[in-house]
Amino acid sequence: MYNILIVEDVVEQAKSLKAVIEQKYDNCSVTIANTYEQAKALITSIEYIFHIFFFDIDLGSSEGDGLSLAALAREDIDNTTSPMIFLTSIQDKALKAVNEVHCLNYLLKPYTPEMVYDIMDYIFKAKLISEPKTIRFRDPDNLLFRFPIADFLYAKGSRHILNLCFTNGTFITNEYTLTNIMEDLPAFFTRNHKSYVLNVNHVVCYDKLSRFVSLSDGQKVPIGKSYKQDFEELFMRD
């Protein structure tokens, strides 16, 4: 599921754009922010991740506009290349957005559903949505954590919880299973054992005889017999 944020201070226009997107793309979930303050809270919260942004440039706020919100979003490691589309009735402002924030495109108001579909289709066809760079999870006390995926060593299943091992420590969550955590991880992760999911980028040594790998932090992780071939193909390729 792809998450889309629409920042538009005209409520009816925001609702209309949301309806246009959801009518065609059932793989998208759309969130609306009608004020600068609402948008800022969503963008800076570690609880949310958005894959596509629609920013109205003029938000009628003294706090900032769509350009400053886009720049704020770009500071997040997950949004450095996220597709951003600006909404405006003044073309000069749209061109400024392209130059300053490196947005994908802009829509001049009033725009049509077909114009929205052209942009959305291009995003999916060109595969402009990059793989996530961070992972979010809650521990059993409902505390929310967010870490770079590059620092994620492995996940180990134990009954109804997962132990998530990062370069800076190990954390526990019951939000994920070994199966569904794979859906949120990039291609350099693999199911290497019935109890493990492994980041192949952290493997520094592989002992085929014992079927154990040594990781960048010195830990050793087993390779299950039935997972051996898939792991070796990925490890040798990388």
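This note sets out, point by point, several features of the predicted model.

1. Largest pocket, extent and lining. The largest pocket holds about 730 Å³ of space. Its lining is made up of 27 residues, and those nearest the centre are Met1, Ile49, His51, Pro132 and Asp184. By residue class, the lining of the largest pocket comprises 14 nonpolar, six polar and seven charged residues.

2. Largest pocket, contributing strands. At least two lining residues come from each of β1 (2–7), β2 (28–33) and β6 (134–138). Of the elements involved, β6 gives the largest share of the lining, with five residues.

3. Cysteines. The structure contains zero disulfides. Cys165 takes part in none, and the nearest cysteine sulfur to it, that of Cys205, is 18 Å away. Because a disulfide requires two cysteine sulfur atoms within 2.5 Å, the 18 Å between the sulfur of Cys205 and the closest cysteine sulfur, in Cys165, is too far for a bond. The surroundings of the two residues may also be noted: Cys165 is buried, at 4% relative accessibility, whereas Cys205 is partly exposed, with a relative accessible area of 40%.

4. Asn79. This residue is located in the loop between α3 (66–74) and β4 (84–88). Although placed in a loop, Asn79 counts as buried because its relative accessibility is 5%, under the 20% limit. The side chain of Asn79 reaches back to the backbone oxygen of Ala73, at 3.3 Å. Beyond its neighbours within four places in sequence, Asn79 is in contact with Phe50, Phe53, Ala73, Arg74 and Met84. Ala73 therefore appears both as the partner of the side chain of Asn79 and among these contacts, and Asn79 is buried.

5. Cis peptide bond. Most peptide bonds are trans. The bond joining Lys109 and Pro110, however, is cis, with omega at about -5°. Pro110 belongs to the loop between β5 (105–108) and α5 (113–125).

6. Positive phi angles. Most residues other than glycine have a negative phi. Lys127 departs from this pattern, with a positive phi of about 55°, and is situated in the loop between α5 and β6. Lys127 is exposed, at 72% relative accessibility. Arg211, likewise not a glycine, also has a positive phi of about 55°. Arg211 sits in the loop between β13 (203–207) and β14 (212–215) and is partly exposed, its relative accessible area being 28%.

Definitions and conventions: Residues numbered from 1 in each chain as written. Predicted model: local features only at pLDDT ≥ 70, side-chain atom pairs only at ≥ 80, totals over all residues. Heavy atoms only, no water. Buried < 20%, exposed > 50% of the residue type's maximum accessible area, 1.4 Å probe, protein only. 1 Å grid on protein atoms, 1.4 Å probe; cavity = no way out; pocket = protein on both sides within 12 Å on 5 of 7 lines; lining within 4 Å. Points joined across faces, edges and corners; volume = space filled by probe spheres on them. Helix = DSSP H or I, 4+ residues; strand = E, 2+ residues; numbered from the N terminus. Nonpolar A, V, L, I, M, F, W, Y, C, P; charged D, E, K, R; others polar. Polar contact = N/O pair within 3.5 Å; in protein donor to acceptor, adjacent residues only side chain to side chain. Contact = heavy atoms within 4.5 Å.
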